[in-house]
Amino acid sequence: MIKIHSSEITPEHVYLSRRQFLQGMGLVAGHALLTACGARTSPPPAGDSALPTSSATDELGNALTPFDAVTGYNNFYEFTLRKEGVARLTKDFVTEPWTVTVDGLVSQPRTFGMEELLKFTQEERVYRMRCVEAWAMVIPWQGFPLAQLLKAMEPLSSARYVQFETLYDPESMPGQKDKSFPWPYVEGLRLDEALHDLTLLSTGLYGQTLLPQNGAPLRLVVPWKYGFKSIKSIVKITLTEAQPTTLWMAAGPTEYGFWANVNPKVDHPRWSQATERRIGENKRVETLFFNGYADEVADLYPDLDKRSWYY
Ligand SMILES: Nc1nc2c(c(=O)[nH]1)N[C@H]1C(S)=C(S)[C@@H](COP(=O)(O)O)O[C@H]1N2
Ligand SMILES: [Mo]
């Protein structure tokens with residue numbers, strides 16, 4: 001049995017839009033047409049700057065990280081281990097056409113075209129992002145809750161985890177020729193974490209389509225976990241019974257765990273996690289338990305002492 005978490009109870013309007021989605025996908029009988037979604041589906045023209053967003057801060061009053069920093073300082077090891085210049089190295093990365101396969105323990109595995117995933121109602125969510133390396137940003141994402149896709153796929157009762165995979169294509173992602181990492185990039189969540197309303201599949205930021213350096217055309221955003229959980233350029237989502245082995249668990253088992261919940265009290269073996277450097281600002285700020293989302297997610301972890309962070 002899937003344990004239903006209180007945060008999963010579906011408000012009626014969400015339920016109705018999900019039905020529209022199901023009809024549009026041909027998963028249920030019906031001819032209702034989908035309404036257009038708000039997201040731009042074509043890449044912005046070169047030099048296009050960020051569109052205005054609905055708020056200038058997150059819910060705690062932290063200023064948004066400037067667009068140029070969000071798109072100019074990145075971690076994307078498939079291209080480079082450096083953080084600057086990822087935009088240049090990824091600018092020819094082909095993100096269209098793009099498909100995402102959802103398989104494993106679901107009632108009917110299937111492959112979606114990106115244009116189908118853009119039919120989910122796209123919302124804006126301003127989230128803090130905290131890299132395990134102790135730098136951070138505040139980013140206005142667009143996307144839709146992963147739960148909407150997963151529920152449409154009808155997970156089997158044996159499903160307990162969700163595994164995500166980035167594209168494997170060493171020709172277009174030359175960093176994958178570096179055999180010191182077990183490519184492709186793999187991440188994972190427990191099913192109830194994946195179904196949590198905060199967990200987003202992102203298709204854009206700052207009001208425009210996601211750029212390659214940020215994980216176009218589809219990336220995960222899990223704001224209460226260290227940034228490495230938020231896997232980029234996803235091609236496969238697999239529901240499993242066993243806990244997935246992630247790229248970072250395989251590459252650095254003494255430093256990076258499966259849970260990776262942001263916790264200022266549990267230091268990385270090589271540095272403190274008590275504070276963080278906001279990119280685009282000069283000061284360091286205190287790191288918050290669960291990155292400031294404890295009210296929303298702490299009840300996912302009743303045995304918190306053990307589960308807050310694993311090496
Ligand atoms: N496929 C893939 N996903 C990835 C990474 C990566 O190297 N490859 N880096 C992760 C890390 S460590 C962080 S902090 C975030 C950075 O996201 P950003 O560049 O959009 O800020 O992406 C995560 N997702
Ligand atoms: Mo990171």
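## The second largest pocket

Lining the second largest pocket are 27 residues, with N75, F76, Y185, G227 and F228 lying nearest its centre. The model is predicted. The space in this pocket comes to about 420 Å³. Strand 4, residues 135–145, supplies the largest share of the lining, with four residues.

Sorted by class, the pocket lining holds 17 nonpolar residues, six polar ones and four charged ones. What takes up this space? Ligand 1 does: the space it takes is the second largest pocket.

## Ligand 1 and its shell

The shell around ligand 1 has 18 residues. Which of them come nearest? They are Y77, E78, T166, S230 and K232. The shell divides into eight nonpolar, seven polar and three charged residues.

## Backbone contacts to ligand 1

Backbone atoms of Y77, S230 and N75 make polar contacts with ligand 1. For Y77, a backbone N or O atom lies 2.7 Å from an oxygen atom of the ligand. For S230, a polar backbone atom is 2.9 Å from a ligand nitrogen atom. For N75, a backbone N or O atom lies 3.3 Å from a nitrogen atom of ligand 1. How much of the ligand's own accessible area does the protein cover? Ligand 1 has 530 Å² on its own, and the protein covers 98% of it.

Two of these residues also turn up in other lists. Y77 is among the residues that come nearest to ligand 1, and N75 is among those nearest the centre of the second largest pocket.

## Enclosed cavities

How many cavities of 30 Å³ or more does the model have? The count comes to two. The second largest cavity has a volume of about 40 Å³.

Its lining consists of R128, M129, R130, W141, V221, V222, P223, K225, G227 and S230. Strand 3, residues 123–130, gives the most to this lining, with three residues. By class, the cavity lining has five nonpolar, two polar and three charged residues.

Two names in the cavity lining link back to the ligand site. S230 lines the second largest cavity, and a polar backbone atom of S230 contacts ligand 1 at 2.9 Å. G227 lines this cavity too, and G227 is among the residues nearest the centre of the second largest pocket.

## Backbone exceptions

Most peptide bonds are trans, and most residues other than glycine have a negative phi. Three places in this model depart from that pattern.

The bond joining E96 and P97 is cis, with omega about 0°. P97 sits in the loop between helix 3 (86–90) and strand 1 (99–104). The bond from A216 to P217 is cis as well, with omega near 0°. P217 belongs to the loop between strand 8 (208–209) and strand 9 (219–221).

Which sign does phi take at Y206, positive or negative? Phi at Y206 is positive, about 50°, although Y206 is not a glycine. Y206 lies in the loop between strand 7 (200–205) and strand 8.

Technical notes. Residues numbered from 1 in each chain as written. Chains lettered and ligands numbered in written order. Predicted model: local features only at pLDDT ≥ 70, side-chain atom pairs only at ≥ 80, totals over all residues. Heavy atoms only, no water. Near = heavy atom within 4 Å. Polar contact = N/O pair within 3.5 Å; in protein donor to acceptor, adjacent residues only side chain to side chain. Areas by Shrake-Rupley, 256 points an atom, 1.4 Å probe, with all protein chains shown as cover. 1 Å grid on protein atoms, 1.4 Å probe; cavity = no way out; pocket = protein on both sides within 12 Å on 5 of 7 lines; lining within 4 Å. Sits in = over half its atoms within 2 Å of the grid points. Nonpolar A, V, L, I, M, F, W, Y, C, P; charged D, E, K, R; others polar. Points joined across faces, edges and corners; volume = space filled by probe spheres on them. Helix = DSSP H or I, 4+ residues; strand = E, 2+ residues; numbered from the N terminus.
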